[in-house]
Amino acid sequence: FIGWCGLKYSPEKDEYDIGFRFYKEYWNQGFATETAKKCLEFGFHNLALSVIVGRAMNANSASIKVLEKLGMSYKTTFDFNGREGLIYEITYSEYLANFFG
């Protein structure tokens, strides 16, 4: 077990959020990016989602970099227990353009 990556549905927001966490010894090896790409593929192709969001703490530049590599765009900030977080998103059409266009 090196970590996890997946999509989480939040009914109160009616949205799917991509998340990933890996043990530190596996950072900077591409695991987050590659597994997250597969999650986007599953969400758009198998679940027929129109948009997927991603959240990261403002201080977590590595996670932000992964979200940007996925073609996600910054949308807004959010408060996470007094700390600033960032919300990114990607639509199905953006996903197609980024990976197949």
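Here are some short exercises, with worked solutions, on a predicted model of one protein chain.

**Exercise 1. Sketch the fold on paper**

Work out how many helices and strands the chain has, and in which order the elements run from the N terminus on.

*Solution.* Start with the count: the chain has 3 helices and 5 strands. Next, walk along from the N terminus, and you should write down β-β-α-β-α-β-β-α. A good element to mark on your sketch is helix H1, which covers residues 31-46.

**Exercise 2. Check the overall dimensions**

Decide whether the radius of gyration of the chain agrees or disagrees with that of a compact globule.

*Solution.* First take the expected value: for 101 residues, a compact globule would come out near 13 Å. Then look at the chain, whose radius of gyration is 13 Å, so the two agree. For the extents, follow the C-alpha trace along its principal axes, where it spans about 30 × 30 × 25 Å. Now turn to burial: 36% of the 101 residues count as buried. Last, consider contacts with a separation of 6 or more: 50% of them join residues 24 or more positions apart.

**Exercise 3. Describe the surface and the charges**

Find the accessible surface of the chain and the share of it that belongs to carbon and sulfur atoms. Then find how far apart the mean positions of the positive and negative charges are.

*Solution.* The accessible surface comes to about 6,500 Å². Carbon and sulfur atoms hold 51% of that area. For the charges, begin with the tally, which is 11 positive and 12 negative. Their mean positions lie 6 Å apart.

**Exercise 4. Test a cysteine pair**

Explain why Cys-5 and Cys-39 are not bonded through their sulfurs.

*Solution.* Recall first that a disulfide is a covalent bond between the sulfur atoms of two cysteines. The cut-off to apply is a sulfur pair within 2.5 Å. For Cys-5, the closest cysteine sulfur is that of Cys-39, at 3.7 Å, and therefore too far for a bond. Fittingly, the structure holds 0 disulfides. To finish, compare how the two side chains are covered. Cys-5 is partly exposed, because its relative accessibility is 22%, while Cys-39 is buried, with a relative accessible area of 13%. The dividing value here is 20%.

**Exercise 5. Place one threonine**

Is Thr-33 buried or exposed, and which residues does Thr-33 touch beyond four places away in sequence?

*Solution.* Locate Thr-33 in helix H1. Its relative accessibility is 9%, so Thr-33 counts as buried. Leaving out residues up to four places away in sequence, Thr-33 touches Val-66, Lys-69 and Leu-70.

Terms used:
Residues are numbered from 1 along each chain as its sequence is written. This is a predicted model: local features need pLDDT of at least 70, side-chain atom pairs count only at pLDDT 80 or more; totals for chains, interfaces and linings use all residues. Side-chain values use heavy atoms; hydrogens and water are left out. Helices (H or I, at least four residues) and strands (E, at least two) are DSSP runs, numbered from the N terminus. The radius of gyration is taken over C-alpha atoms; the globule rule is 2.2 Å times the number of residues to the power 0.38. Buried means under 20% relative accessible area, exposed over 50%, partly exposed in between (1.4 Å probe, protein chains only). Contact means heavy atoms within 4.5 Å. Accessible areas come from the Shrake-Rupley method with a 1.4 Å probe; for residues, only the protein chains shown count as cover. Lys and Arg count as positive and Asp and Glu as negative; His and the chain ends are not counted. The place of a charge is taken as NZ of Lys, CZ of Arg, CG of Asp or CD of Glu.
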